[in-house]
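Visitor: I should like to examine this model by question and answer. Please show it before we begin.

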Amino acid sequence: MGIKEKYDLSGKVAIITGAGDGIGKASALKLAEAGANVVCSDINEEKINLLVKEIEEKFKVKALAVKCNVLEEKDLINLVNKTVETFEKVNILVNNAGGGGAGRENIDSLTLEYITKTFTLNLFAGLMLIKLCAPHMKKDKYGSIINISSMSANMVSHNMIIYGSSKAAVNQMTKYAAYDLGPEIRVNAIGPGAIKTHALSTVLTEKIEEKMLSKTPLGRLGDVEDISMAVLYFASPASSWTSGQIIYINGGGTQELD
Ligand SMILES: NC(=O)c1ccc[n+]([C@@H]2O[C@H](COP(=O)([O-])OP(=O)(O)OC[C@H]3O[C@@H](n4cnc5c(N)ncnc54)[C@H](O)[C@@H]3O)[C@@H](O)[C@H]2O)c1
């Protein structure tokens, strides 16, 4: 197989959660550029409708928008059902929707409701989607699951205890799922450092950026394309003997908020 074929996703079907913005949007565009038909899901319907239009204009693939709040089990079931009804299969799942932390998780102020919600957003929802997609991937004998974790899973920083713990659990879930679901399905995770998205812009100040850069050998914060290229690698046959792995994409350093 030549390089083009190794990265070719023609005929494959990919689901991306949180595809309306940031890393999810960039991943949907990248997988579509590689030839996959993409199912763009997000809690924000307007954003995914626009993205589907953009994808169909730019690339010769089919795209489908499915509104999905990953905190709702019925939405997760509907997402997979709509995908299979439309495309008759699922090959790639990018568990991207996630969040929390950002230096706001002071232990004194934690509630069980917040802890449960954040773990559902970052971990439980992705695990449910893995369960729902796996039979379809096995049936088609091609499955690649990519969990968007975080560098916070592998470091410590103040007031990020729930976000960091839930992302660490995403990493371990990745290894267990890879062990259970081979050989048809590969499961890998990406741990981004600070990536310039809307989520980061809500907490980034000039002072924080300066401090982050002082510990970043590659001298800049990340762009969404730094992550979407790794999503493409894991989704495609280029990584056909890679499973259960976590790659940190962080400019070679650490970017801390505090
Ligand atoms: N940006 C970073 O620096 C960074 C660093 C490490 C990890 N991450 C991880 O990357 C992933 C994407 O983050 P981002 O920075 O691209 O975010 P973003 O804010 O740019 O985009 C998030 C998207 O998810 C959607 N969304 C929010 N809640 C949802 C829900 N309950 N169900 C479905 N969709 C929902 C939003 O509408 C939005 O379109 C997250 O898992 C995040 O934890 C981001």
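The exchange below concerns a predicted model and takes up strand 6, the nonpolar core, the ligand shell and some backbone features.

Visitor: How many residues of strand 6 are buried?
Guide: Strand 6 spans residues 185-192. On one side it directs Ile185, Val187, Ala189 and Gly191, on the other Arg186, Asn188, Ile190 and Pro192, and all are buried. The number of buried residues in strand 6 is therefore eight of eight, under the cut-off of 20 or more other C-beta atoms within 10 Å.

Visitor: Which residue of strand 6 is the bridge partner of Gly143?
Guide: Strand 5, residues 143-148, pairs with strand 6 in the parallel sense over six bridges. Between these two strands the chain passes through helix 6 (residues 161-181), in a right-handed β-α-β crossover. The bridge partner of Gly143 is Ile185.

Visitor: Which residue of strand 7 stands opposite Pro192?
Guide: Strand 7 covers residues 246-249, and four bridges join it to strand 6. The two strands run parallel. Opposite Pro192 in strand 7 stands Ile249.

Visitor: Why does Val187 count as buried?
Guide: Val187 has its place in strand 6. Its contacts, apart from neighbours within four places in sequence, are Ile145, Thr174, Ala177, Ala178, Leu181, Ser243 and Gly244. Val187 counts as buried because the number of its C-beta neighbours inside 10 Å is 27.

Visitor: How many Å apart in space are Val187 and Thr174, C-alpha to C-alpha?
Guide: In sequence, Val187 and Thr174 are 13 residues apart. Thr174 is also among the contacts of Val187. Their C-alpha to C-alpha distance is 5.9 Å.

Visitor: Which helix gives the largest share of the largest nonpolar core?
Guide: The largest nonpolar core has 70 residues, and Ala14, Leu31, Val38 and Cys40 have the most contacts inside it. Nine residues make up the largest share of this core. They come from residues 112-140, that is, helix 5.

Visitor: Which residues are in contact with Leu31, leaving aside neighbours within four places in sequence?
Guide: Leu31 is one of the residues with the most contacts inside the largest nonpolar core. In soluble globular proteins, nonpolar side chains tend to be buried together. The contacts of Leu31, with those sequence neighbours left aside, are Leu9, Ala14, Ala36, Val38, Ile92, Val231, Leu232 and Ala235.

Visitor: How many residues of the shell around the ligand are charged?
Guide: The ligand has 29 residues around it, of which Gly18, Gly20, Gly22, Gly98 and Thr197 come nearest. Helix 2 (22-33) and helix 7 (198-201) are the elements giving two or more residues to this shell. By class, the shell has 13 nonpolar and 13 polar residues, and its charged residues number three.

Visitor: Which residue does a cis peptide bond join to Gly182?
Guide: The omega angle of this bond is about 0°. The residue in question has its place in the loop between helix 6 and strand 6. The cis peptide bond joins Gly182 to Pro183.

Visitor: Is Glu88 buried or exposed?
Guide: Glu88 lies in the loop between helix 4 (73-87) and strand 4 (92-95). Although Glu88 is not a glycine, its phi is positive, about 70°. Because Glu88 has 11 C-beta neighbours inside 10 Å, it counts as exposed.

Visitor: What is the phi of Lys141 near?
Guide: Lys141 is found in the loop between helix 5 and strand 5. Lys141 is exposed, as it has 10 other C-beta atoms within 10 Å. Its phi is positive, in a residue other than glycine, and lies near 60°.

Note on methods: Residues numbered from 1 in each chain as written. Predicted model: local features only at pLDDT ≥ 70, side-chain atom pairs only at ≥ 80, totals over all residues. Buried ≥ 20, exposed ≤ 12 C-beta atoms within 10 Å, placed from the backbone. Pairing = 2+ DSSP bridges. Right-handed = clockwise from strand over helix to strand, strands pointing away. Core = buried A, V, L, I, M, F, W, Y, C linked by C-beta atoms within 7 Å. Contact = placed C-beta atoms within 7 Å. Near = placed C-beta within 6 Å. Nonpolar A, V, L, I, M, F, W, Y, C, P; charged D, E, K, R; others polar.
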